[in-house]
Every structure is written in C-alpha cells, then in structure tokens.
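The following exercises practise the reading of a protein model. Please study the sequence and the structure before working through each solution.

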Amino acid sequence: MNVSSTVQRVCVRVLENRVLGGHLRSLVLEAPEVARRVLPGQFIQLDCHPSLTLLRPFSIMNADPERGTVEIFYQVVGMGTKAMATWSKDHETWILGPLGSHFTAPAPGEMALLVAGGVGLAPLRFLAHRLQMQQIPVTLLWGIEAEKIPFATVPAFGGVGVDVVENPLVLAQEAAMGIVTCLASVQKREGFFHGFVSDLMDRVLEVGTGLGVRSRLYVCGPTAMMAAVAGLAQKWALRGEVSLEGHMACGLGGCAGCAVPVTQGDGWRYVRSCTEGPVLPLDQVLWDVPMVHAGGCSTKRGT
Ligand SMILES: Cc1cc2nc3c(=O)[nH]c(=O)nc-3n(C[C@H](O)[C@H](O)[C@H](O)COP(=O)(O)OP(=O)(O)OC[C@H]3O[C@@H](n4cnc5c(N)ncnc54)[C@H](O)[C@@H]3O)c2cc1C
Ligand code: FES
C-alpha cells in the first residue's frame, strides 16, 4: 500500500459524461499519465467548479493506458457533483493524482472476495479487472438500491449467485471476463439476493465452495456497510483491505480533515485517510470511534 510519491496537477478533457440512471453518472476523462500510473484503490482530486475552493475526491473505476483514459462512477449529491453533471464532451478541468494508497494482491493460492455498496463499486470494479488479468479468481458482491441498475446485466449460468438466488442476474461486462458477480438489494428484485450486501456475503460464505478459507477480502461502500463487513470478516476469520470514502478536504495530508481511527498496539491513533489511505487493512479500522469529517482546511462543506 504505497503512497504515491509525486502528486501531479493534470489538465484533463471530458470525453464522455453519461447518465446511468437516477443520480448516477459515468465520466470518462482524457488523462494519459494518470491512466498509465493509477492503481486500483487510488483516487483523484477533481476541480468541479471554479467557485468551489475544495477539490472533490473520486476513485477510479477504470483506467485504459492504451486509450489514455480514466473513468469515474459518480453520484450527484451536492454542489460539486451537480456541476460535474452539466459537463459535456470537450469540457476541460484539472485534477490531482493519482493519490493515496492502493489495494494489494491476494497471496498465492488465495481467491479475491470483493464486497461493494453503491458507488463503492468503482475501486473494486477496477481491482476485479486487474486481478482477473493476473488469473486470480474473483467474486464480486454488489449491493445496489438505485431504481435503474446502472450497468448491463445478464442471467447467470453458473457461479456463486446460483447457490443463493433464484434465477440470478450478473453484471454483463464482468460475466464476459469470467468474473463471478452477485447483486443484492433490500428491495425485492428479480435476480437479486434480498437483503444487505453484508447478508449476501455471510450467505455466500455459509454455502461454502471453499471461498471463505482461501479468500482475501476487499471492501468499499457506506460506512455502516463496511463496519458490518468488518464484523463478518472476524466471524469468518478473513483478512483484507477496505477503501474509505469519507469526507476529505485538501486530499494531500495537510489538514487532518480526513482522520480515521486505527489500532496501534493496545491503543489507537488517527491516520490521514488521504495519504495513509484510502486503502487500509480492514482489521485496523476502528468503526466505533468517530471519524473526523472535513474540517481541517475548511470547517464548512460546500466550499
Ligand atoms: C477516496 C474517496 C473516493 C471517492 N470515490 C467516489 C466515487 O467513486 N464516486 C462517488 O460518487 N463518490 C465518491 N466519493 C465521495 C465524493 O467525493 C463526494 O460525494 C463528493 O465530494 C461530494 O461533493 P459535492 O460537492 O457534490 O457534495 P457536497 O456539497 O460537498 O456535499 C453534499 C452532501 O454529500 C455529503 N458528502 C460529501 N462528501 C461525502 C463523502 N465523501 N461521503 C459521503 N457523503 C459525502 C455531504 O455531507 C452532503 O450531505 C469518494 C470520496 C473519497 C474520500
Ligand atoms: S484531507 Fe487528508 S489531510 Fe487534508
């Protein structure tokens, strides 16, 4: 989990800004240097609008070094992302990155179990594709509540979902690559596991297929979901990594606005999630100690 040593301010051009349904969008940027260097789990700080003092952090969902592009999967929630949603092709802005730590590969012989919630899919999809390229077996579980599923799905003909869901649907792109996926929703939906994605993880490990003992766990999503998955990791004696997507301000280690509590010996300490994270060992994060919300550089969001 190395922290990038050189931070670059890079001018980027929008190639595509697609509505995926509801508040979810996909943004493809021309950024050849970042596409070449970025590793799964790392993020960029994006200038969303000249009137906003703070840049906004986003994980990379896809990097194509040959085309020189990176893709972000984002949800419109406030001023910055609302401004992003108005961008059309050839809009120019700038970013800092790639920033932060990245996921590490499973040990030889281990499989990868990826558990994502909502837009937390972004860094795990990138990781899934890179691990698959290294012939590491990947199972990706995704909890998604959006009314319209933002990515194409197809019926599953095999894989983990078949054991726990009737007529399961899987992500089409991942199915074509040989990555096993399974979807969860708390709403009753045809082809989905009914419940939280953490419940799906528990169920998948219960039905077995040797997944648990030999898997390394990778997690990203809302805090409550990650805390639930961390609890299950203890239950199933799984080790792994988590990508934290809480509030940030400077994104460069200068303000402590992103501090998260982690274990240290018998006690604990705060680390800056923008430089020591966002990827941290799952068993080190203390979910019951308050995480500091952006307030180091600026005490007010919307700046
Ligand atoms: C390392 C990292 C990676 C991220 N990757 C992604 C990604 O791939 N896709 C994506 O959609 N989002 C991602 N986020 C979250 C994203 O940065 C925020 O949604 C964005 O900054 C909101 O900016 P805004 O100006 O639209 O909202 P603001 O006007 O700043 O805030 C609007 C609302 O969103 C809430 N909010 C702001 N930031 C966060 C946050 N980090 N987490 C939860 N709630 C927040 C605020 O409390 C407020 O209620 C990531 C965050 C981090 C730290
Ligand atoms: S956001 Fe991490 S130190 Fe400023």
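Helices (H or I, at least four residues) and strands (E, at least two) are DSSP runs, numbered from the N terminus. The model is predicted: local features need pLDDT of at least 70, side-chain atom pairs count only at pLDDT 80 or more, and totals for chains, interfaces and linings use all residues. Residues are numbered from 1 along each chain as its sequence is written, while chains are lettered from A and ligands numbered from 1 in the order in which they are written.

**Exercise 1. Describe the shell around ligand 1.**

Step 1. A residue is near a molecule or strand if its C-beta atom, placed from the backbone, lies within 6 Å of it. Ligand 1 is surrounded by 23 residues, and the closest are Arg56, Gly78, Gly80, Thr81 and Ala122.

Step 2. At least two residues of this shell come from each of strand S4 (56–59), strand S6 (69–75) and helix H2 (79–85).

Step 3. Ala, Val, Leu, Ile, Met, Phe, Trp, Tyr, Cys and Pro count as nonpolar, Asp, Glu, Lys and Arg as charged, and the others, Gly among them, as polar. The shell around ligand 1 thus sorts into twelve nonpolar, eight polar and three charged residues.

Step 4. Domain bounds come from an automatic or database domain assignment. Ligand 1 lies between domain 1 (9–99) and domain 3 (246–303), because both give residues to its shell.

**Exercise 2. Determine how domain 1 and domain 2 meet.**

Step 1. The protein chain is divided into domain 1 (9–99), domain 2 (111–244) and domain 3 (246–303). The C-alpha centres of domain 1 and domain 2 are 25 Å apart.

Step 2. Two residues are in contact if their C-beta atoms, placed from the backbone, lie within 7 Å. Domain 1 gives 15 residues to the contact and domain 2 gives 13 residues.

Step 3. On the side of domain 1 that touches domain 2, strand S1 (9–21), strand S5 (62–64) and S6 are the elements that give two or more residues. The largest share, four residues, comes from S6.

Step 4. That side of domain 1 has nine nonpolar, six polar and no charged residues.

**Exercise 3. Check the length of helix H7 and identify its buried residues.**

Step 1. The expected span of a helix is 1.5 Å times one less than its number of residues. Helix H7 (residues 223–235) has 13 residues, so it should span 18 Å; its end C-alpha atoms are 19 Å apart, which agrees.

Step 2. A residue is buried if 20 or more other C-beta atoms lie within 10 Å of its own, exposed if 12 or fewer, and partly exposed in between, with C-beta atoms placed from the backbone. In H7, the buried residues are Met225, Met226, Ala228, Val229, Ala230 and Ala233.

Step 3. The cover over these buried residues includes strand S8 (111–117), strand S9 (138–143), helix H6 (197–207), strand S14 (215–220) and strand S15 (240–243).

Step 4. Just after H7, alanine 237 has a positive phi of about 55 degrees.

**Exercise 4. Is valine 28 buried or exposed?**

Step 1. Valine 28 belongs to strand S2 (residues 24–30).

Step 2. Valine 28 has 20 other C-beta atoms within 10 Å and is therefore buried.

Step 3. Apart from its neighbours within four places in sequence, valine 28 is in contact with Leu15, Glu16, Thr69 and Glu71.
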